[in-house]
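Hi,

Here is the structure I promised to send over. Have a look at it first, and then read on for what turned up when I went through it.

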Amino acid sequence: MAANFLIALVLFFIQPTFLVGLVFAIWTSHRRINHERSNHRVAVYNTLYEIKNYLLLGLLSGLIGSILLTVVGIPVTMDWIIVYQIVTILSLVVGYRFVHPIFTVSISSLILLGLPLVLDSLDFSFIPNNWYQPLSQSEFIGMPLFMNSFIILILLLGASIVTIKRKANTHLSARFLKTKRGKRIAKYPIKPFWVMPLLLVVPGEGFQAFFSWWPVFSIGNELYSFFWLPILIGFQFTIQSQVPKAAVSKLVNDLVVITGVAVMIAIASIWIPYAPIFGFVFLIIGGGIVLYRHRKREKNWSVLFGPAENGIKIIGIRPDTPAEKMNLVVGDTIVYCNNLPIETESDFYQALSKNSVYCHLKVRGVDGELRLTETAIYADSPHEIGVVILEK
């Protein structure tokens, strides 16, 4: 069993889904850094946090989910794994928002509904040894498989909700657009993207049909094998009219609602065998509704990240800087610096030079409330307190 586990772990890092996702994360990080340097004169986040997120965000939830699925014993088939990886890779072509399991797992499972009919209708006689036969693990295909994949989907939904709640409104990187009046405003594409390693139990004869050396273990009269599957999770939405933390909270609440309905559907499957099929359709539609509701909220609200009438608007906070220590947040407006009124970026830097080792700010939050904050600044770089300003 130890050898089985080790081989499955090594295979994880060479699977197409993992490699394509890694390349996608590297490309996204490179593109974001170039954009920030071009538009802000400096990379707001010069570390490759997209790559770190991709590799690290899903480790804990993947460990917990793997233990639960293994202990409970929820097997899936090799054909489900193959279809999932194909659907996920194709979804990356469309974009982040459709790489979420709510779409990829649901679509993969629905495709399997018609897969046996397609395989039976096609003529593979010209291919030696009928290579497609190992995909027809008939004792596992059917409602048990769909029920198992639906349970896995609910688990993935729960894990993604926790991660989106904790991480989606951090590392905000502004993009710019102009209003009809020509004003420059900021918006924030939120693109959490990570891989969740999930240890699955797979009927062992499916692997051995392709790889005779693949180790298996037995439970009763059945043979099984371990398989680490890279689950890619992405969910893209844009914020320009709401406070980021509040916007993420509303979106997460919508996801919690549809997850709760999915749990009820899973319970109903005890009496209604075809309930998981309805559940997959519901979650695909529900995921679309969640994104639509967020977009509707953004359109109905006034623009939040436009130029300030009095003061200068903060549209970015660099990590590990005095600005972060002062608890400044995106959307704040600096109205006074070192007791001098601020109207332009030039005013701000002149006020900072008044005291090269300390900074005292009066800030107006997005709620309109004024507050005071202060901290020491870098003596060797008094102008670098770590804020990105929206120029008027």
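A residue is called buried when its relative accessible area is under 20%, exposed when that area is over 50%, and partly exposed in between. By that yardstick, 50% of the 392 residues of the protein chain count as buried. Please keep in mind that this is a predicted model.

**The chain as a whole**

The protein chain has twelve helices and twelve strands. Its accessible surface is about 19000 Å², and carbon and sulfur atoms account for 63% of that. If you take the contacts with a separation of 6 or more, 73% of them are between residues 24 or more positions apart.

**Salt bridges**

How many salt bridges does a search of the whole structure find? The search gives five, and here are some that you may like to look up.

Start with Arg32 and Glu50, whose side chains form a salt bridge at 2.9 Å, N to O. Arg32 belongs to helix α2 (residues 16-40) and Glu50 to helix α3 (residues 49-56), so this pair ties together parts that are 18 residues apart in sequence. Both Arg32 and Glu50 are buried.

Next come Asp254 and Arg297, with a salt bridge of 3.4 Å, N to O, between their side chains. Here Asp254 sits in helix α9 (residues 244-268) and Arg297 in helix α10 (residues 275-300), so the parts tied together are 43 residues apart in sequence. Asp254 is buried, and Arg297 is buried too.

A further salt bridge joins the side chains of Arg371 and Asp332 at 2.5 Å, N to O. Arg371 is in strand β11 (residues 370-376), while Asp332 is in the loop between α11 (322-325) and β8 (333-337), so the pair links parts that are 39 residues apart in sequence. Are the two partners buried or exposed? Arg371 counts as partly exposed because its relative accessibility is 29%, whereas Asp332 is buried because its relative accessible area is 2%.

Arg32 also comes up again: salt bridges that share partners join Arg32, Glu36 and Glu50 into one network.

**The largest pocket**

The largest pocket holds about 810 Å³ of space. Its lining is made up of 35 residues, and Arg32, Tyr49, Glu50, Asn53 and His171 are the ones that lie nearest its centre. So the salt-bridged pair Arg32 and Glu50 is found among the residues nearest the centre of this pocket. Which elements supply at least two residues each to the lining? They are α2, α3 and β2 (184-190). Helix α2 gives the largest share, with seven residues.

**A buried residue in helix α2**

Helix α2 also contains Thr17. With a relative accessibility of 0%, Thr17 falls under the 20% cut-off and so counts as buried. Apart from its neighbours within four places in sequence, Thr17 has contacts with Tyr54, Gln85, Thr88, Ile89, Pro230 and Leu232.

**A nonpolar patch on the surface**

Now to the outside of the model. Leu60, Leu63, Ile64, Ile67, Leu68, Val71 and Val72 make up a nonpolar patch on the surface, and together they have about 710 Å² of accessible area. One of them, Leu60, is part of helix α4 (residues 59-72). Leu60 counts as exposed because its relative accessibility is 60%.

**Two residues with positive phi**

Asp320 is not a glycine, yet its phi is positive, at about 60 degrees. You will find Asp320 in the loop between β7 (312-317) and α11. Its relative accessible area is 65%, so Asp320 is exposed.

Asn338 is not a glycine either, and has a positive phi of about 50 degrees. This residue is placed in the loop between β8 and β9 (340-341). Asn338 counts as buried because its relative accessibility is 8%.

If you open the model in your viewer, Arg32 could be a good place to begin: Arg32 belongs to the salt-bridge network with Glu36 and Glu50, and Arg32 is among the residues nearest the centre of the largest pocket.

Best wishes

Notes
Residues are numbered from 1 along each chain as its sequence is written. This is a predicted model: local features need pLDDT of at least 70, side-chain atom pairs count only at pLDDT 80 or more; totals for chains, interfaces and linings use all residues. Side-chain values use heavy atoms; hydrogens and water are left out. Patches are made of residues with over 30% relative accessible area and no salt bridge: like charges are joined within 9 Å, nonpolar side chains (Val, Leu, Ile, Met, Phe, Trp, Tyr) within 5 Å. Accessible areas come from the Shrake-Rupley method with a 1.4 Å probe; for residues, only the protein chains shown count as cover. A salt bridge is a side-chain nitrogen of Lys or Arg within 4 Å of a carboxyl oxygen of Asp or Glu. Helices (H or I, at least four residues) and strands (E, at least two) are DSSP runs, numbered from the N terminus. Buried means under 20% relative accessible area, exposed over 50%, partly exposed in between (1.4 Å probe, protein chains only). Contact means heavy atoms within 4.5 Å. On a 1 Å grid over the protein atoms alone, a cavity is a set of points where a 1.4 Å probe fits but cannot get out, and a pocket is an open set with protein on both sides within 12 Å along at least five of seven lines; lining residues have an atom within 4 Å of a point. Grid points are joined across faces, edges and corners, and a volume is the space filled by probe spheres set on the points.
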